[in-house]
Amino acid sequence: MSYIIDRRLNSKKKSTVNRQRFLKRYKKHIKRAVEESVNTRSIKEIEQGGSVTIPRRDLSEPVFHHGEGGVRKRVFPGNKEFMEGDEFRRPSGGGGGGSGKGQASNSGEGMDEFTFNIDQDEFLDFMFDGLELPFLVKKQLKDSTQYETRRAGFTNSGSPEKLHVVRSLRAAHARRIALSGSQRKQIRENKKQIWELEKLLPDQDAQNKINLLQEEIDELTARIKRLPFIDDFDLKYNNMVKVPVPSSKAVMFCVMDVSGSMTQSIKDIAKRFFILLYLFLKRNYKRIEVVFVRHHTHAKEVDEEEFFYSRETGGTIVSSALSLTGDIIHDRYPASEWNIYVAQASDGDNWDGDSDTCRQLLANRVLPSVQYFAYVEITTGPHQNLWLEYERLREEFPEEFAMHQIEGPADIYPVFRKLFEKKTESAA
Amino acid sequence: MTVAEKKKSPISTGSEWTFELIEAYDREIARVAAEYQLDTYPNQIEVITSEQMMDAYASVGMPLNYNHWSFGKQFVETEQNYKRGAMGLAYEIVINSNPCIAYLMEENTITMQALVIAHACYGHNSFFKGNYLFQTWTDASAIIDYLLFAKKYISDCEERYGVEAVEELLDSCHALMNYGVDRYKRPQPLTPAEERERQQAREEYIQRHLNELWNTIPQKEDSDEKEDLRFPKEPEENLLYFIEKNAPLLEPWQREIVRIVRKISQYFYPQKQTQVMNEGWACFWHYTLLHHLYNEGLVTEGFMVEFLHSHTSVVYQPPFDVPYFNGINPYTLGYNMMQDIRRICENPTDEDREWFPDIAGSDWLTTLHNAMHNYKDESFILQFLSPKMIRDLKLFTILDDADKPNLKVTSIHNESGYQRIREDLAAQYNLGNREPNIQVYNVNVRGDRALTLRHYMYNGQPLGDSSSEVLKHLHRLWGFNVHLESVLPDGTVTTSYHCPEKEIQEAV
């Protein structure tokens with residue numbers, strides 16, 4: 001007897017738990033692999049999932065087995081020219097003539113790497129694992145100016161549209177039961193008496209008593225009926241309270257120098273940095289806007305395409321961009337509603353007299369309203385005066401201001417990690 | 001067939017399968033199987049997708065299992081290989097349970113489904129039911145319930161003691177899983193319903209009786225006897241059993257998990273011992289049953305061509321010198337030996353009469369059933385590998401002595417070699433030779449409670465390099481120092497491993 005069952009609609013992801021446990025166990029390895037691949041990936045691929053490779057020896061589950069050595073006999077198929085008593089050199093490279101069945105093939109074929117795929121979400125999880133937005137917590141508690149109305153139980157007063165019908169009727173029902181208690185008790189007793197008297201029928205005396213009792217019952221029933229079906233104090237209303245909610249909107253400013261000294265490769269590095277930041281913010285905020293500000297001697301707000309790909313020449317005045325950023329924040333992104341992040345990338349060039357202005361602009365106009373200002377200098381040369389001025393800023397605003405130098409594409413991700421390392425404890 | 005004129009019309013002509021067709025094929029195959037006296041458990045045929053097949057792969061083929069990262073690793077690896085096309089999924093998985101569960105993949109054509117039904121639902125199934133090892137060591141009707149119990153119990157433990165604690169314990173148990181098997185005495189049958197109730201009673205009992213070992217009340221010093229006193233009195237080969245019953249520091253729930261791993265290991269033990277026979281038997285019957293259907297006219301020629309195509313690739317044996325050679329293919333060896341037995345019975349040659357006086361010319365079906373019922377790989381080969389088979393497969397033996405620079409061909413397929421090759425091949429399938437023989441030798445009951453294991457060396461083969469890793473796991477279970485000594489037959493200790501490692505300096 002056979003039963004044939006269609007199982008195709010059963011759940012498919014039976015192994016999910018096991019897979020998660022596997023990923024968790026090898027978190028360190030996977031993180032390293034992710035880091036490496038972030039550094040070598042092109043910008044468009046950066047967000048995709050990818051393959052992860054772990055050395056197989058780290059994964060092995062040890063068991064007792066025979067090692068090399070000793071005497072062993074093994075039977076092979078497909079003899080072509082061997083005669084009994086033939087001898088030949090032991091083939092190098094492990095398994096050939098050697099160990100027990102399973103191991104020979106494993107070590108022989110050289111499967112020493114274990115590669116598998118993780119999807120996009122998992123990839124990002126590992127990429128940003130251990131990072132956090134600086135002072136996110138603080139900001140949320142400090143300036144919560146947005147409110148949300150939430151339900152919070154029921155009240156006895158309120159506007160008609162918040163009337164809760166079920167609760168109100170339930171209250172009315174309870175009231176009616178409570179108020180009619182004694183009457184109903186009386187009715188029950190009378191009925192019981194009638195029932196007993198009915199046994200004596202057709203006795204005239206009993207009949208009279210029954211009639212009296214019945215009258216009483218009718219009167220009591222009428223009285224119960226007179227109880228109002230619903231009363232003012234039965235009414236229940238939904239209670240709504242206003243709860244302050246932390247702002248979950250963020251705006252990210254990308255500020256970049258596009259003067260003649262910025263080559264395309266430097267811009268690419270900057271772009272990668274911006275993209276990392278963008279992906280990171282996207283994971284933390286529901287809504288995120290990006291503002292691109294580029295500058296040479298003048299600053300201009302542009303769209304993404306122009307930001308990364310159009311070329312300009314000329315000198316460099318960084319303060320123009322900072323002042324434009326300040327204006328945009330003031331006009332469009334009030335600090336009470338927005339979480340503001342600024343990332344600035346530059347090769348460090350600036351017009352000599354301007355760096356001091358930059359510092360003052362940042363200190364007075366920009367830094368007070370932003371969450372975090374990250375400056376990356378993409379250069380292999382010595383630092384110039386902009387860096388020196390910024391260093392002073394860092395001392396003044398150790399929490400909001402961070403700066404780092406990037407020398408080549410390989411530094412992007414490590415620097416990014418450094419800028420956003422978990423530091424809640426030190427901030428608290 | 002002499003009545004071939006009365007051919008029936010084929011069951012199907014296309015390649016698409018439907019449930020009605022599967023049912024029709026199953027009915028016909030069951031009818032023919034009964035003619036050949038194949039006694040099976042009821043079949044539960046389940047159609048699944050390739051993803052579900054990968055899930056099944058990852059949990060060692062069982063329909064349910066407890067959670068562990070190693071199954072996740074297995075899954076990830078399977079998935080990756082499958083996606084890259086490096087490997088096809090098996091057409092079927094069949095589980096030794098009652099009813100016997102067989103998975104069919106939805107991607108298969110109807111021919112493949114019929115092949116799988118013949119192979120798994122009547123071949124493997126009758127083997128599970130008939131072979132003496134399975135009859136002795138497994139309880140087909142209880143395994144699913146037991147797994148259910150195990151899964152529930154382990155997930156309860158995870159909730160109560162934390163996923164990590166359970167995972168560590170399972171890691172350690174898995175490392176010793178091959179040593180969680182009773183080889184010579186029959187274990188108690190798994191009793192699913194009682195299992196839960198008994199489990200608590202067991203917990204208490206063990207905890208109370210551990211004290212015999214760790215009794216702190218000083219016993220009378222019998223100083224003259226002290227030397228020879230060993231615990232356990234007889235060496236114990238079932239390491240997990242020994243741990244479960246005697247490890248001093250384990251909590252009751254930990255003992256139960258050790259027991260679960262041990263039970264599951266025991267369940268799979270017969271499959272490891274009968275791979276050649278099991279696959280050979282199943283291949284022989286899918287070949288025979290489907291040919292029978294063909295002779296009756298129930299399947300078309302196109303069906304047979306497709307069937308033979310996959311049949312031949314399954315039973316193909318690549319020669320030893322090709323890059324993808326991966327040992328002797330158990331399907332080839334088993335299938336050809338089964339066919340060979342039939343040949344010896346039906347058309348014996350003089351050579352066969354000399355080698356197999358008992359079976360040459362006997363009724364082939366009885367002989368084959370007898371072989372299936374009463375043998376395991378090792379004894380099956382020793383008994384039935386014929387000179388013709390050795391010639392056909394061109395088998396030869398290589399002697400690899402680590403002390404000598406050269407490998408030596410000791411036997412080939414000639415008159416003097418047949419008997420030796422037969423013995424060599426049988427020995428190759430002896431699990432006792434394949435896995436190092438390691439037993440509990442002693443516990444230092446009066447001293448530091450150190451556990452000593454002995455590895456009884458076979459042909460001077462040393463232990464592999466992961467042994468000290470395994471010892472760490474054993475140390476975790478035992479809780480005190482653990483030593484492992486490799487011993488030559490004459491009793492001299494050649495190598496010893498210790499955990500914790502620092503013992504080495506002290507010991508040397």
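**Domain and chain contacts in the predicted model**

In this predicted model, 19 residues of domain 2 of chain B are in contact with 15 residues of domain 4 of chain B. On the side of domain 2 of chain B that touches domain 4 of chain B, the elements giving two or more residues are α7 (163-175) and α10 (239-246) of chain B, and α7(B) gives the most, with four residues. By class, the residues on this side of domain 2 of chain B comprise 13 nonpolar, one polar and five charged. The C-alpha centres of domain 2 and domain 4 of chain B are 21 Å apart, and the division of chain B as a whole is into domain 1 (8-131), domain 2 (143-183 + 192-211 + 229-273), domain 3 (315-432) and domain 4 (436-507).

Between the chains, 57 residues of chain A are in contact with 81 residues of chain B. Elements of chain A that each supply at least two residues to the side touching chain B include β1 (2-6), α1 (16-25) and β4 (87-89), and this side of chain A has 19 nonpolar, 19 polar and 19 charged residues. Strand β4(A) pairs in the antiparallel sense with β5 (residues 406-411) of chain B over three bridges, and E87(A) stands opposite K408(B) in β5(B).

Helix α14 of chain B, which covers residues 330-346, has 17 residues and reaches 24 Å from its first C-alpha to its last, close to the 24 Å expected at 1.5 Å a residue. Among the buried residues of α14(B) are Y331(B), L333(B), M337(B), I341(B) and C345(B), and the buried residues of α14(B) pack against elements of chain B including α12 (275-295), α13 (301-314) and α16 (364-374).

Definitions and conventions: Residues numbered from 1 in each chain as written. Chains lettered and ligands numbered in written order. Predicted model: local features only at pLDDT ≥ 70, side-chain atom pairs only at ≥ 80, totals over all residues. Expected span 1.5 Å × (residues − 1). Buried ≥ 20, exposed ≤ 12 C-beta atoms within 10 Å, placed from the backbone. Contact = placed C-beta atoms within 7 Å. Nonpolar A, V, L, I, M, F, W, Y, C, P; charged D, E, K, R; others polar. Pairing = 2+ DSSP bridges. Domains from an automatic or database assignment.
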